[in-house]
Amino acid sequence: RKILVGTIDNVKKLCAIAMNSEYDIDLVSGRYVIDAKSIMGIFSLDLSKVIEIHVHTEDEAGANAFFEQLGGMIQ
């Protein structure tokens with residue numbers, strides 16, 4: 001899926017949600033792959049652009065619950 005983080009508050013929210021997840025979650029922007037549980041890593045990305053988000057799990061219900069928590073960031 002794709003997300004638009006955009007603000008510092010959304011970075012904090014994304015990182016907090018990712019930290020509470022048992023899955024590995026990556027943000028992909030161009031050739032960069034960042035761990036979504038790393039707030040410093042997220043800040044290294046251009047937050048004004050749409051970023052791909054990958055949740056590494058076979059549990060579709062769990063992944064959907066994660067995406068629901070992101071709310072308005074989903075594109």
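These are my notebook entries on a predicted model, taken element by element.

**Entry 1. The sheet**

I started with the strand order. Four strands make an open sheet, ordered β1-β4-β2-β3, and their pairing is antiparallel. I then looked up the edges, which are β1 (2–3) and β3 (32–35), each pairing on one side only.

Next I went through the strand pairs. For β1 and β4 I found antiparallel pairing over two bridges, with Ile3 opposite Ile51 in β4. Strands β2 (residues 24–29) and β4 (residues 51–56) are antiparallel as well, and five bridges join them. In this pair I noted Val28 opposite Glu52, and Ile25 with Val55 as its bridge partner in β4.

The pairing of β2 with β3 is antiparallel over four bridges. Here Asp26 has Asp35 of β3 as its bridge partner, and Ser29 stands opposite Tyr32. I checked the turn too: β2 and β3 form a hairpin with two residues between them, and Gly30 in that turn has a positive phi of about 65°.

**Entry 2. The two faces of β4**

Which side chains of β4 are buried, and which are not? I read along the strand and found alternation: Ile51, Ile53 and Val55 point to one face and are buried. Glu52, His54 and His56 point to the other face and are not buried. I set this beside the general rule that, in a regular strand, side chains alternate between the two faces of the sheet.

**Entry 3. Helix α1**

I checked the length of α1 (residues 8–19) against expectation. Its 12 residues reach 16 Å from first C-alpha to last, close to the 16 Å expected at 1.5 Å a residue.

I then listed its buried residues: Val11, Leu14, Cys15, Ile17 and Ala18. Viewed down the axis of α1, the buried residues fall within an arc of 165°, so they line one face of the helix. On the other side I found Asp9 and Met19 exposed. I also looked up what the buried residues of α1 pack against, and the elements are β1, β2, α2 (39–43), β4 and α3.

**Entry 4. Helix α3**

How does α3 sit with respect to the sheet? Helix α3 (residues 60–70) packs on the sheet and touches β1, β2 and β4. The direction of α3 makes about 145° with that of β4.

The buried residues in α3 are Gly62, Ala63, Phe66, Phe67 and Leu70. Their arc around the axis is only 140°, which puts them on the same side of α3. I found the exposed residues Ala61 and Glu68 on the face turned away from that buried side. The buried residues of α3 pack against β1, α1, β2 and β4. I also noted Gly71, just after α3, with a positive phi of about 55°.

**Entry 5. The nonpolar core**

I looked up the largest nonpolar core, which has 23 residues. The members touching the most other members are Ile3, Leu14, Leu27, Ile53, Phe66 and Leu70. Each of α1, β2, β4 and α3 supplies at least two residues of this core. Which element gives the most to this core? It is α1, with five residues. As general background, I note that in soluble globular proteins nonpolar side chains tend to be buried together.

I followed Leu27 further. Leaving out residues up to four places away in sequence, Leu27 touches a list of residues including Ile3, Leu14, Ile51 and Ile53. Its contacts also include Tyr32, Val33, Ile34 and Ala36, and among the others I noted Ile42, Leu45 and Glu52.

**Entry 6. Ser38**

Last, I looked at one loop position. Ser38 lies in the loop between β3 and α2. Is Ser38 buried or partly exposed? The relative accessibility of Ser38 is 29%, so Ser38 counts as partly exposed; buried would need a value under 20%, and exposed one over 50%. I also took a distance across the chain: the C-alpha atoms of Ser38 and Ala18 are separated by 9.0 Å, with the two residues 20 apart along the chain. Ala18 is one of the buried residues of α1 that I listed in the third entry.

Technical notes
Residues are numbered from 1 along each chain as its sequence is written. This is a predicted model: local features need pLDDT of at least 70, side-chain atom pairs count only at pLDDT 80 or more; totals for chains, interfaces and linings use all residues. Side-chain values use heavy atoms; hydrogens and water are left out. Two strands pair if DSSP finds at least two bridges between them. Contact means heavy atoms within 4.5 Å. Axes are lines fitted to C-alpha atoms, for helices over the stretch in contact, and angles run from 0 to 180 degrees between N-to-C directions. The expected span of a helix is 1.5 Å times one less than its number of residues. Buried means under 20% relative accessible area, exposed over 50%, partly exposed in between (1.4 Å probe, protein chains only). The arc is that of the directions from the helix axis to the C-beta atoms. A nonpolar core is a set of buried Ala, Val, Leu, Ile, Met, Phe, Trp, Tyr and Cys residues joined through side-chain atoms within 4.5 Å.
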